[in-house]
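Reader: Hey, got a minute to walk me through this one? I'd like the plain version.

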Number of protein chains: 2
Amino acid sequence: MTPRQATASEEALLRIFTVPEAPDSTLSVIEKNISQNLMGFLQESVVAVEKPLSEIELDFQQHRIPSAPQFVSDYADDMMKTLVAHSVHTSAPSFIGHMTSALPYFVLPLSKMMVGLNQNLVKIETSKAFTPLERQVLGMMHHLVYAEDDSFYQDWMHSANVSLGAFCSGGTVANITALWTARNQLLKADGEFKGVATQGLIKGLRHYGYDDLAILVSERGHYSLAKTADLLGIGRDNIIQIPTSNDNKVDVAQMRMAAEALARDNIKVFAIVGVAGTTETGNIDPLDELADLATELNCHFHVDAAWGGASLLSNKYRHLLKGIERADSVTIDAHKQMYVPMGAGMVIFKDPTFANAIKHHAEYILRKGSKDLGSQTLEGSRPGMAMLVHACLQVIGRDGYEILINSSLEKARYFAQLIKDQDNFELVSEPELCLLTYRYVPKQVQIAMEQARASNDLQRLTEFNHLLDGLTKFVQKRQRERGTSFVSRTRINPEAGILDIKSVVFRVVLANPLTTREILAQVLCEQTKIADQETEFLPKLLNLASRT
Amino acid sequence: MTPRQATASEEALLRIFTVPEAPDSTLSVIEKNISQNLMGFLQESVVAVEKPLSEIELDFQQHRIPSAPQFVSDYADDMMKTLVAHSVHTSAPSFIGHMTSALPYFVLPLSKMMVGLNQNLVKIETSKAFTPLERQVLGMMHHLVYAEDDSFYQDWMHSANVSLGAFCSGGTVANITALWTARNQLLKADGEFKGVATQGLIKGLRHYGYDDLAILVSERGHYSLAKTADLLGIGRDNIIQIPTSNDNKVDVAQMRMAAEALARDNIKVFAIVGVAGTTETGNIDPLDELADLATELNCHFHVDAAWGGASLLSNKYRHLLKGIERADSVTIDAHKQMYVPMGAGMVIFKDPTFANAIKHHAEYILRKGSKDLGSQTLEGSRPGMAMLVHACLQVIGRDGYEILINSSLEKARYFAQLIKDQDNFELVSEPELCLLTYRYVPKQVQIAMEQARASNDLQRLTEFNHLLDGLTKFVQKRQRERGTSFVSRTRINPEAGILDIKSVVFRVVLANPLTTREILAQVLCEQTKIADQETEFLPKLLNLASRT
């Protein structure tokens, strides 16, 4: 490369860092094209174009970083074809299978602003006003859960060295942060012992005289809790999964017995976790009873409300989460039912000094006495996502969320009734919030299964469930491939109290405000059509049902 | 609320979720205003407006979520005044204090697209083409570090159940992921023992017969490593900080001795960490020697190249990181020297099966045999940040990065020389990459300190350093408050080999391509002016220097 060329390249490079001034600049034109393409994509009614992953992968084979720079416009065009066209329409009203849903459009320009400002929330020196803003959002979420009086927030919201919670990239990090803090509070410094944070788990257990630690949670607890136990050195086996009753809520009596058994083995239960909106069925544990148990056991009470926590914004339905205000810590994901883009998890602490158990400092930032947010978070450098939560809280407001959440819950109740009204569908779990599970079961199979239950013919019932497994899975996959609508699937026990079995069911989350009753009817229609044409499991099911 | 009002509100709410079609829609107008304001802000040459945090906090006092929705336009106007105006100009060419720097403008429209698509990378069902794209980016970064042959990437890049690395929200999560995996690999399932992930640390150590675990790293290691040790249950005391030699590189002989001492106490060193670009001085540990030591100790070798890793993109300077290709895992943050917005950390694994040690599954996603990325990440739901890394790799290209990185490094060498050429400044650490430290020391004080060193008058030397502490801190704070330029400060030992002391120094990171030589000269000018007017430490320093 000659010096002259280098200079030209250098100049070209500097240009990409220079504020584009003219409204008709290349970048403005590209931006307009991207916006139009994006809007076009978002308006399509399909949830995904039918193209197998193996074919999509062909566009992403190159493992060498290219040498020559590519024009932004060319790159954007390429991405429209290879990436955007084959991404998932999470905002489509017929995409009702996961918690990722539509966004209000005003977050798009605001997110561009957030990215453009490129603040780093780890410290005030790189975030300034974003720090009090994030503290305010945490204060608002704290008030939503705990409703302390005004003086509480005056005293603590902007106070150095304490925090009402922590922003996290998602609910997993929020759950980890809560249980990490709880572990450290339990095995805190005491006399000669400098605390588990400093000296580790082995010395901590030895000092306090425990043989091991455990966490109690419903069998419906999120998989991030097992990950947490692994990470914290406690081990997945020490996340004790307690059975649920038939309504998918944890059986507190069984949890108490488990705690007693652990105590006899000198294993300390350091936290119990209540689930407020299980990922698979959307049910809420009896939080008040769990709070009582936590008091009895003198342990931390965490509520994983990553998904369901947003329901606190509904005055009509927040009673469903009663007892959450007694939790020591609560996880809420704003990117689920609060309609904020991906990446906005939060953990809220009842006690503002709680997170001191994980406090850390460094020479160049997070100095003692500073208000730097990074001294009490698991993550280090973090973007200003709090701004998008702030924006939704102001622009949607309590009144807006009241409508959004109530209508989601009521739509789920409507859909549940619609399923029950069909001859060939079976509702597996009733919606408590806006999530339900069901499956396609031809009428005559339903009758035959009912008879099997009545005559306690467990073998026959098992056989039915196995065949339904195959049918449900087939329908879910085929529907996803067709791309006009999407429901997810999971494996739960549809024969609770009768059989110990897991079977595949459809899982629906009704969070998108644009999902209409017509769309719900179409989803069932489409599933019926696919099921009726299935050639392996359906004939076997019908055959089995006819053999009375 | 009457039913009629509810309908009107509902309709208004649905509108915010509906794609805005008209180019002159309210949202388009708002977006245009936000863009213009943002560009205006980004063009300002100040790094921060002088307003104390306590005053800024007054705008963020409300702890109740407002009831009534606010118009987006009003909200955006408010935020321009209260938030944007008082955020930090991390992209200002005179903001040279931290690793957060300018962004190329083309990432802004792309990031809006990324947010608008709202993909969730935890699973293919909510990310489809984004999954192969992320795998490709990890493949490219793997190739950048390890340069395996073509067949390696053909075999592994898109293979189910393995991963060439993991995307993370940042370097902290990347470091945690690497060391978590290393711990789990060490204490893996073996005979009756089901592995530390399942059974926990206590049983793992007992099974393998170790009394405790330790990690060895330079005293310059990032604070996230101590956080990692806390989180993993190992304890901060078991991050053994090894002294550095005078050039801020870890002393490998001392590390070897530390390992031997630990072995005598039956404490297993499960990982050694090499730092490739220390946060405080920017130096790179002797990676080849560390790789040798890791082989000797039969332990994991992790390189924390969160900041320095981008230098591998320079063919001219990548030799500075020689030995990194022998690391078992490497952390690289694309949001540092790769010019990607905040939130793009990565950990790269040499062995594609390495991350199996932290693999997890769930019923509704991450099923066995799937290509879902979420089964081998610490985080759960994650945004499609990989797209922005992909974009920078294509649009800037190797040729572009070559120029950007070389010019940063060469600018740092220029600035170091400029500092040395001044009478009243002292370069504390030479730039190896594009980070250096220095302080303001009046000529006569330099002479007096040199004499103190020569005569081994350690008390006098200590006194000088204490006074310089105060002066440097004053200058740094005053300069930050004035808001025309920003350098950070840290505490390191400027008298290495003579005194065991820590003293405050200025810290400069030269990553912004728009930072000119003139700006660097102005920074020194401004610091001189501020220092010359200081009334407490400067007179004492001059007085002390005059007392020979």
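Author: Sure, one term to start: buried area is the accessible area (1.4 Å probe) that two parts lose on being put together, summed over both. This is a predicted model, where local features need pLDDT of at least 70, side-chain atom pairs count only at pLDDT 80 or more, and totals for chains, interfaces and linings use all residues. Residues are numbered from 1 along each chain as its sequence is written, chains are lettered from A in the order written, and side-chain values use heavy atoms, without hydrogens or water.

Reader: OK, so how much area do chain B and chain A bury between them?

Author: About 15400 Å², with 66% of it on carbon and sulfur atoms. In contact terms (heavy atoms within 4.5 Å), 168 residues of chain B touch 169 residues of chain A.

Reader: How many salt bridges across that interface?

Author: The rule finds 12, counting a side-chain nitrogen of Lys or Arg within 4 Å of a carboxyl oxygen of Asp or Glu. One salt bridge joins Lys371(B) to Glu57(A), at 2.8 Å from N to O.

Reader: And by class, what's on chain B's side?

Author: Where chain B touches chain A, there are 83 nonpolar, 51 polar and 34 charged residues. Here Ala, Val, Leu, Ile, Met, Phe, Trp, Tyr, Cys and Pro count as nonpolar, Asp, Glu, Lys and Arg as charged, and the others, Gly among them, as polar.

Reader: Switching topic, what are the domains of chain A?

Author: Domain 1 is 3-89, domain 2 is 105-166 + 352-395, domain 3 is 171-334 and domain 4 is 405-546; such bounds come from an automatic or database domain assignment.

Reader: What separates the centres of domain 1 and domain 3 there?

Author: In chain A, 44 Å, taken over C-alpha atoms.
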